[in-house]
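Me: I am new to this structure and would be grateful for a close look at a single part of it. Please set that part in its surroundings in one connected account.

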Amino acid sequence: MFPKPMKQCLHGLATAMVSVINTVDTSHEDMIHDAQMDYYGTRLATCSSDRTVKIFDVRNGGQILVADLRGHEGPVWQVAWAHPMFGNILASCSYDRKVVIWKEENGTWDKMYEYTGHESSVNSVCWGPYEFGLILACGSSDGAISLLTFTGDQQWDVKKISNAHTIGCNAVSWAPAVVPGSLINQPSGQKPNYVKRFVSGGCDNLVKLWKEEDGQWKEDQKLEAHSDWVRDVGWAPSIGLPTSTIASCSQDGRVFIWTCDDPAGNTWTAKLLHKFNDVVWHVSWSITGNILAVSGGDNKVTLWKESMDGQWACISDVSKGQSAVSTIADTQQNEQ
Amino acid sequence: MSVDCLGTHAVLSGRHFLYMVNLEAPSEPPRKIARQSKWDVGTVQWNPHRSEAHVFAASSNQRVDLYSWRDGCGEAHTSLLGHTRVISDLDWSCFDSELLATSSVDTYIYIWDTRDTRKPTVALSAVAGASQVKWNRKNQHLLASSHDGDVRVWDKRKPSTAVEYVAAHLSKIHGLDWHSDNEYIFATSSQDNSVRFWDYRQPRKYLNILSCQVPVWKARYTPFSNGLVTIMVPQLRRENSLLLWSTLDLNSPVHAFVGHDDVVLEFQWRPQKEGSKDFQLVTWSRDQTMRIWRVDPQLQKLCVSDMVEDLMEGMSLTVESEKFMSSQEPENPDGGHQDLAAGSGLAQTLQQEFSLVNLQIRNVNVEMDAMNRSCVVSAHFGSHQVHLVVKFPAQYPNNAAPTFQFTPPTTIPSAMKTKIQKILRDTSFQKVKRNQNCLEPCVRQLVSCLESDMTQEDSPASGPFVLSNPVTPSLQAFPRVTNTYGSYQDANIPFPRTSGARFCGTGCLVYFTRPITMHRCAPPTEPTPRSLSALSAYHSGVLTPMKMRSEPPSTLRLYSGSPTRSDKDTVSISSFYYKERKSRRFKTKREGVDYNRPIKLAGKVIIQEISCLLPVHKTLGESYILNMSDIQETCQQNAAAALTVGRRDVVWALAAAATSQDLNPDFDPDTETPWARHPFGLTPDLCVCVCVYVRTDPPPPPLPSLDHYSQMSDVQTLAMLCSVFRSQAPPDSYFPYGHHSSRFPSHHSRYVSHSVTSGSCSSTSDSTTTSTWNTGETPWQHTAPWGESSPDDYRYGNQGYTDPRERERELHDMNKRLLDPANTLQFDDFKKCYGEILYRWGLRDKRADVLKFTSSPPEAHKGIEFGVYCCHCRSQARGTQCAVCKRLTFQCAICHVAVRGSSNFCLSCGHGGHTSHMMDWFWRQEECPAGCGCHCLLQSTF
């Protein structure tokens with residue numbers, strides 16, 4: 001008859017502990033504004049108000065400073081690793097209105113390209129999916145979004161969406177390379193026809209979706225729900241399902257999850273994840289797109305997960321094993 | 001500051017004294033002229049005529065005092081009284097040594113004859129207050145005045161109306177200068193970041209424009225031809241250098257006079273000495289030093305020839321020859337240090353602050369009254385109305401903070417009033433401690449308080465309160481320049497993140513937070529501010545001018561050597577969090593703690609392993625196997641592997657159980673299906689109605705387990721299942737299909753055709769299983785395509801086929817496929833995503849294993865490609881497998897076996913086959929092996 005283990009609940013999560021595997025002392029002289037690991041999780045890049053970007057080798061719990069990248073003339077807001085198929089490439093953006101793309105060659109990091117086409121602070125950089133080649137989206141307080149495409153031979157092609165967000169653009173995030181409606185009627189034998197899409201958030205309280213059509217960037221959708229500046233947007237990675245998901249967070253303390261089941265990508269529905277007491281600065285999706293990390297002005301990090309019935313629940317303080325995440329401030333307190 | 005026409009004296013104006021500097025002997029202590037006034041000196045200018053070289057005029061509020069300087073001492077001998085409000089500018093005529101023009105915000109421009117000082121000889125009436133007045137240098141009758149963004153050109157003989165009216169700028173004009181050689185041309189410098197050159201005969205269109213990216217305080221022609229010197233608005237405190245431009249090429253400055261440690265307040269050309277080819281530029285800076293710069297002929301030539309190559313050379317000469325003079329003035333006997341500093345700080349008078357303050361904030365109106373040293377701030381926020389009277393003490397901004405008083409009709413609650421008053425007091429005190437102006441920071445602080453309050457109240461009007469950009473479009477591009485807080489002044493740059501978390505790699509959460517030692521100044525109930533401009537209220541410390549990116553590279557290079565930046569002065573976001581700590585110490589009475597002890601500003605970055613929260617497991621990635629020759633073994637091993645990480649996934653166990661049945665491949669669709677009747681005993685609490693084992697006929701409802709795993713985002717299991725039960729099912733495949741999934745809407749279309757033969761599925765759902773289906777979320781019998789079919793349909797419906805056996809076999813092939821083929825692409829996506837994750841884990845072999853099962857189309861072929869018509873279905877195909885019928889597309893003409901590997905065929909008749917067979921055949925034959933009569937060897941070459 002039916003084997004016994006099958007009676008066990010399928011969605012029982014592993015009970016292993018969430019554990020701190022590394023604590024990196026960056027020695028930045030001023031506050032850190034972003035920290036990000038590369039594709040393999042072997043290196044950590046941090047950026048700070050001290051105008052530097054630092055890269056650490058964090059393999060096996062180590063923290064070896066690999067590079068101290070100087071070149072920005074203002075606080076550096078964000079960094080982004082490119083896909084390793086293009087080499088070791090890191091982009092950084094700063095208050096000094098510049099975007100710098102750094103590349104490691106023969107063990108040394110150097111400026112590969114410096115983009116100075118923005119007229120105000122550049123707040124966000126994000127590399128597109130590797131399927132599109134080396135393409136970087138940059139959002140700036142001058143309201144524009146720039147798309148830098150590497151065309152080979154040290155050349156970068158620049159496309160600029162002027163006035164993408166009135167007053168300023170605060171965040172950009174690429175959609176995964178999936179064919180809209182790919183799951184239906186895709187003629188076999190043809191290479192999938194990927195459409196470049198990304199999402200942006202700005203000071204006009206809007207979340208906007210952009211799509212490339214015939215080489216031109218067009219506003220595809222405008223999502224309204226926030227009542228203050230949108231501080232971050234995150235397009236969830238795809239695991240092959242036909243649903244697109246976007247998270248957005250705002251100065252108003254709200255985090256919205258936007259979903260679209262419509263293959264044409266026209267109908268987006270918003271679901272309020274939570275209203276926080278302070279500004280929410282950042283949202284980040286796990287690789288499988290089912291857990292969202294939310295962080296903001298309250299110096300705390302919470303993890304959220306969608307249950308089987310479609311409700312979002314905070315999982316970072318529900319069970320013993322995971323409590324480490326919720327009390328990040330405490331953790332740090334103990335360490336210092 | 002003004003330099004006399006002989007080039008021997010420069011006068012510096014302070015509140016209590018006028019200082020006379022001997023330019024011939026700049027190291028001598030300056031002489032002083034005491035003055036009795038509570039007003040600062042506005043403008044001071046020497047009479048430019050040699051005969052009257054000892055006379056200079058100094059404006060003080062509504063009055064102009066005429067001083068004479070003889071034999072080392074000076075005195076005010078005459079006062080010109082007439083203006084009713086503060087005098088903004090004065091200018092001596094170049095032609096008549098007795099004529100002095102004055103402009104005032106009272107909208108009048110007066111021309112005085114110093115021989116008759118009782119009243120002005122000419123009064124020119126403009127509707128708007130004037131900021132500048134300048135005599136034409138070629139035409140003795142003409143003079144120009146600036147009014148906000150407009151320029152009026154007057155003829156003193158026709159005082160009733162202006163000769164010409166030029167709408168020069170969109171923002172306030174700070175500087176106006178006539179060309180020294182051309183009577184029609186003048187230059188205007190403005191808050192809108194530009195210098196424009198005009199011929200007043202063509203008032204509609206400027207001759208040329210110089211875009212500076214920052215508001216320009218003064219732009220003056222050089223005494224040598226084609227030159228122009230600009231300084232930036234000193235209140236911005238961003239740029240300590242003077243720039244020399246060639247009017248012939250305004251793209252980049254030809255030289256930067258670098259050296260002052262603070263902003264330049266005033267500059268003037270020293271009249272050329274006889275026989276000297278050099279010119280000298282005298283500059284006065286807020287750093288309390290006066291510098292004299294030599295401009296040698298080489299540099300002068302640059303303005304003409306514009307050869308950038310010469311620039312470095314010219315510059316080095318100039319810098320070497322520059323004279324440096326410190327005018328650290330002697331102790332002021334009565335006022336003390338600070339008085340003196342403020343007095344000679346010149347740019348910080350209340351009138352100037354009022355005239356320069358940028359308060360273009362939505363919903364806010366500020367009425368400024370310099371006469372009474374007060375201003376009224378009125379603001380409307382939603383239902384709230386605020387009237388705030390700010391009074392500036394006489395000492396302001398010299399360590400004397402203004403007072404703030406709410407007046408009716410203010411509607412905010414009194415608790416809020418107290419709170420705001422406290423904040424404003426703190427803000428203003430912060431500023432005046434450093435002799436800085438505080439009106440604008442205070443107003444912005446007020447606005448942000450009101451705004452945050454509105455946000456908290458969540459009133460409907462709380463939406464787009466925006467610290468809006470200046471109205472002028474040209475300023476929009478450079479919003480930074482509109483405030484007076486140095487670098488952190490930006491109303492539309494978001495407040496930086498000081499903590500954050502990001503998922504990285506596959507199973508890591510990287511987060512950084514503020515160090516525990518840092519606290520927010522604001523109470524935790526207040527939300528973190530929205531934009532960087534909020535920082536100005538908190539920041540303490542001298543601002544460092546940001547380097548301007550917009551500067552051309554050549555000047556940047558010059559600046560890089562200038563000692564204008566020191567790390568100590570750098571203002572940071574940390575100031576926002578910093579203050580709390582100080583005040584805390586204060587509270588705990590631990591004063592005397594070394595404030596200079598380095599405080600750790602950067603927290604640690606923590607990497608946390610969170611892979612246990614994810615539905616995918618690296619250990620499973622390593623231990624899962626894909627052995628297609630023994631599916632049962634694969635399933636069992638995978639089940640065991642899953643168990644080791646604590647997952648009791650039914651799927652693998654079930655699949656293993658299913659495969660444990662020893663079933664021989666059977667191609668007859670009519671064969672009884674023992675597993676179809678297998679009572680699975682599925683329990684509803686599993687939420688899955690898994691695995692109807694169907695070997696043949698009953699067409700598969702889609703996997704419920706897939707639906708389940710996709711809800712869990714378990715791409716690992718999804719991909720593995722899709723790979724094990726891949727599209728090309730082995731002959732003894734099993735069908736762990738369950739009920740229909742709403743997530744896969746696409747499968748219906750394909751199934752309609754199958755459903756004709758699908759009737760026997762209902763035979764599986766007797767007894768136990770029937771109840772199971774009904775407890776399931778969506779009984780699959782009810783899905784449209786299945787519901788239509790019945791056993792009868794099957795039994796009789798298919799008799800219409802000409803060859804039912806063949807048709808059945810075909811369908812049987814289709815049905816053998818474990819997973820809905822319509823979703824193949826989706827399954828491929830699962831595999832690709834999982835492959836990507838495996839790649840990140842460094843499990844490249846496993847990745848290759850999984851990706852082997854994707855049905856992704858071959859890479860686009862580059863070059864010539866032979867199209868093939870499938871020998872079975874005649875559809876066009878690429879490669880050896882037909883995309884439509886999935887069979888191998890062509891047969892060998894000799895052995896009649898399908899060709900998979902190397903093949904050759906005739907381009908003429910299209911016949912061919914295995915390369916080895918063809919080689920053998922044509923070794924001896926010339927005609928086609930298919931017997932078509934084609935002489936293949938002659939027609940084409942293999």
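Reply: Residues 223-258 of chain A span a stretch whose end C-alpha atoms lie 9 Å apart, with 56% of the span in strand and 0% in helix. This description, like everything that follows, rests on a predicted model. UniProt, in an unreviewed entry, lists this stretch under "repeat: WD", together with residues 25-66 and 69-103 of chain A. For residues 69-103 of chain A, the end C-alpha atoms are 11 Å apart, and the stretch is 54% strand and 0% helix.

The setting of these stretches is a chain with 25 strands and 2 helices. Chain A has 336 residues, and 54% of them count as buried. Among its contacts with a sequence separation of 6 or more, 45% join residues that are 24 or more positions apart.

The start of the 223-258 stretch overlaps the end of strand S17 (216-224) of chain A, an edge strand of a sheet. That sheet is open and has 4 strands in the order S14-S15-S16-S17 (chain A), with antiparallel pairing. At its edges stand S14 and S17 of chain A, each of which pairs on one side only. From one strand to the next, the twist averages 25°. Strand S17(A) is joined to strand S16 (residues 206-213) of chain A by 8 bridges in the antiparallel sense. One such pairing sets Leu206(A) against its bridge partner Glu224(A) in S17(A). In general, strands of a sheet pair through backbone hydrogen bonds, and the pairing may be parallel or antiparallel.

The other edge of the sheet leads to a loop. Thr166(A) lies between strand S13 (155-161) and strand S14 (169-174) of chain A. Thr166(A) has 17 C-beta neighbours inside 10 Å and therefore counts as partly exposed, since a buried residue needs 20 or more and an exposed one has 12 or fewer. Setting aside residues up to four places away in sequence, Thr166(A) touches Gly143(A) and Asp204(A). The C-alpha atoms of Thr166(A) and Gly202(A) are 7.6 Å apart, although 36 residues separate the two in sequence.

Chain B carries the annotation as well. For "repeat: WD", the unreviewed UniProt entry lists residues 80-122, 133-164 and 166-208 of chain B. Residues 133-164 of chain B are 50% strand and 0% helix, and their end C-alpha atoms lie 14 Å apart.

Within the listed stretch 80-122 of chain B falls strand S10 (residues 99-104), all of it buried: 6 of its 6 residues are, so the strand is largely enclosed by the rest of the structure. Leu99(B), Ala101(B) and Ser103(B) point one way from S10(B), while Leu100(B), Thr102(B) and Ser104(B) point the other way. Strand S10(B) pairs in the antiparallel sense with strand S9 (residues 87-92) of chain B over 5 bridges, and Asp91(B) stands opposite Ala101(B). The hairpin that joins S9(B) to S10(B) passes through 6 residues. Strand S10(B) is also joined by 5 bridges to strand S11 (residues 108-113) of chain B, again antiparallel. Here Ser103(B) has Ile109(B) in S11(B) as its bridge partner. The hairpin of S10(B) and S11(B) has 3 residues between the strands, and Thr107(B) in the turn has a positive phi of about 80°.

Chain B also has an open sheet of 4 strands in the order S5-S6-S7-S8, with antiparallel pairing. Strand S5 (41-46) and strand S8 (73-81) of chain B form its edges; each has a single partner strand, so one side of each is left without a neighbour in the sheet. Direction ignored, neighbouring strands of this sheet are turned by 25° against each other on average. Inside the sheet, strand S6 (residues 55-60) and strand S7 (residues 63-70) of chain B pair in the antiparallel sense over 6 bridges, and Phe56(B) has Tyr67(B) as its bridge partner in S7(B).

Chain B contains helices too. Helix H20 (residues 824-841) and helix H21 (residues 844-851) of chain B pack with their axes 8 Å apart, at an angle of about 170°. The two helices are therefore roughly antiparallel to each other. Among the residues that make the contact are Tyr834(B) and Leu838(B) of H20(B) and Arg847(B) and Val850(B) of H21(B). By class, this contact has 5 nonpolar, 4 charged and 1 polar residues.

Methods
Residues are numbered from 1 along each chain as its sequence is written. Chains are lettered from A and ligands numbered from 1 in the order in which they are written. This is a predicted model: local features need pLDDT of at least 70, side-chain atom pairs count only at pLDDT 80 or more; totals for chains, interfaces and linings use all residues. UniProt positions are given in the numbering used here, feature names are shortened, and annotations may be inferred rather than shown by experiment. Two residues are in contact if their C-beta atoms, placed from the backbone, lie within 7 Å. Axes are lines fitted to C-alpha atoms, for helices over the stretch in contact, and angles run from 0 to 180 degrees between N-to-C directions. Angles under 35 degrees count as roughly parallel, over 145 as roughly antiparallel, 65 to 115 as roughly perpendicular and the rest as oblique. Ala, Val, Leu, Ile, Met, Phe, Trp, Tyr, Cys and Pro count as nonpolar, Asp, Glu, Lys and Arg as charged, and the others, Gly among them, as polar. Two strands pair if DSSP finds at least two bridges between them.
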